[in-house]
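Here are my notes on this protein, written as numbered points. Keep the 3D view open and turn it as you read.

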Amino acid sequence: GLKRFKILALLSLFVGIVSFGIAFFLVKRYGLYGALLAQSVNGFVLLISLAIWYKEFYFKFDRDIIRDISRYSLYIGVASVAYFLYSKVDILILGQFGYIKEIGYYEIINKAFLFLCLPFAILAQATAPHMTALSAKREFAKIKNILKRFALIIIPISIFIALATYFIFPVMLKMFMVKYHTPVMILSFSILLFLLPVKVWGIFQTQSFVMSMGFAKISAIATTIGGALNIIFDYVLIQRMGFVGVFYSTLAIHSVSTIIVSIMVAKAINLESFKNEKHFSSDEIYL
């Protein structure tokens, strides 16, 4: 929020290196329990490091602020949990119907897509504090223009990345993961590839605009409804089409949910911008 990205990067890198050494020792000695404990150690060390570096603490109990933050964090939490209804629940349903190999295909494709989305997630984290500042100043006209510019840049780039991935991914499989270069894997990849541009825009929009501007409720409602529908369609389509039914369900529901969130956020920004314009015009008339 303070835009101290360089310090954050250095601290994260330092803590990551230290935690890697601790994790190696814990895993070697305690196995799975050590791996789980290593995650807690990493988070604790990072928290302490950030606290030591920040130093500027001021403690004051404010009931109104705590209530507002708790309510907003609830929306973010619901949206985050509901997001798993698109991915992890798909895995559970595939496993329930005995599609174990297909789960491996799904996870490989999903991890590859997350890697491709990473630069846009980083960009979103860098722009989010700026969007928060503009919304606090109620400069929604500027936000609307920035949102349009990002959409005109990111959406075409994400489509280009999807097209490039269509040709590169099978080659990478054939070179480094021959066992996974199968007709079923290529079919699964081809279906989910249409979801990649949607994922890219959804991740960027959510982190950069939705969460940072106070619109988490929109995301929570859309994601929860979409996640519930995804489960229903998973069960219906997997019985009619086999394992690909889960992929088609995820593609359709996730895409529609992201589009709806985009429309609702755009309308909310337009509404706030309109309110400001009316307010300013009234002031001019008064003066």
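How many cavities of 30 Å³ or more does a search of the whole structure find?

1. The search turns up one. Keep in mind that we are looking at a predicted model. The space inside this largest cavity comes to about 90 Å³.

2. Now for the walls of that cavity. Its lining is made of Tyr-83, Tyr-86, Ser-87, Tyr-106, Asn-110, Phe-113, Leu-192, Leu-195, Lys-199, Thr-250 and His-254. Try finding α3 (63–96), α4 (100–136) and α9 (244–286) in the viewer, since each of these supplies at least two of the lining residues. By type, the lining splits into six nonpolar residues, four polar ones and one charged one.

3. Let's step back to the overall fold. There are nine helices and zero strands here, so don't go hunting for a sheet: reading along the sequence, you get α-α-α-α-α-α-α-α-α. The C-alpha atoms fill a box of roughly 75 × 45 × 35 Å along the principal axes. Of the 287 residues, 37% are buried. If you take the contacts with a separation of 6 or more, 79% of them are between residues 24 or more positions apart.

4. On to the open spaces. The largest pocket has a volume of about 760 Å³, and 32 residues line it. Those nearest its centre are Tyr-83, Gly-202, Ile-203, Thr-206 and Gln-207. You have met Tyr-83 already, as part of the cavity lining. The helices that give two or more residues to the pocket lining are α3, α4, α7 (196–210), α8 (216–241) and α9. The largest share, ten residues, comes from α4. The lining as a whole has 16 nonpolar, 13 polar and three charged residues.

5. What about the second largest pocket? Its volume is about 460 Å³, and it is lined by 17 residues. Look towards the start of the chain for its centre: Gly-1, Lys-3, Arg-4, Phe-5 and Leu-8 lie nearest to it. Two or more lining residues come from each of α1 (5–30), α2 (32–54) and α4, with α1 giving the most, at five. This lining is made up of 13 nonpolar, two polar and two charged residues.

6. α2 deserves a quick check with a ruler. It has 23 residues, and at 1.5 Å a residue they should span 33 Å; the end C-alpha atoms are 34 Å apart, so the two agree. Gly-34, Ala-38 and Ser-49 are buried in this helix, and α1 is among the things that cover its buried residues. Just past the end of α2, Lys-55 has a positive phi of about 70°.

7. Finally, the nonpolar core. The largest one has 54 residues, and the ones with the most contacts inside it are Ile-143, Phe-209, Met-213, Phe-215, Phe-247 and Ile-269. At least two core residues come from each of α3, α4, α5 (140–176), α6 (183–193), α7, α8 and α9. α4 gives the most here, with twelve.

8. Which residues does Phe-209 touch, leaving out those up to four places away in sequence? Click on Phe-209 and look for Met-131, Ile-143, Ile-146, Leu-147, Phe-150, Phe-204 and Phe-215. Two of these partners, Ile-143 and Phe-215, are also on the list of core residues with the most contacts.

Notes:
Residues are numbered from 1 along each chain as its sequence is written. This is a predicted model: local features need pLDDT of at least 70, side-chain atom pairs count only at pLDDT 80 or more; totals for chains, interfaces and linings use all residues. Side-chain values use heavy atoms; hydrogens and water are left out. On a 1 Å grid over the protein atoms alone, a cavity is a set of points where a 1.4 Å probe fits but cannot get out, and a pocket is an open set with protein on both sides within 12 Å along at least five of seven lines; lining residues have an atom within 4 Å of a point. Grid points are joined across faces, edges and corners, and a volume is the space filled by probe spheres set on the points. Helices (H or I, at least four residues) and strands (E, at least two) are DSSP runs, numbered from the N terminus. Ala, Val, Leu, Ile, Met, Phe, Trp, Tyr, Cys and Pro count as nonpolar, Asp, Glu, Lys and Arg as charged, and the others, Gly among them, as polar. A nonpolar core is a set of buried Ala, Val, Leu, Ile, Met, Phe, Trp, Tyr and Cys residues joined through side-chain atoms within 4.5 Å. Buried means under 20% relative accessible area, exposed over 50%, partly exposed in between (1.4 Å probe, protein chains only). Contact means heavy atoms within 4.5 Å. The expected span of a helix is 1.5 Å times one less than its number of residues.
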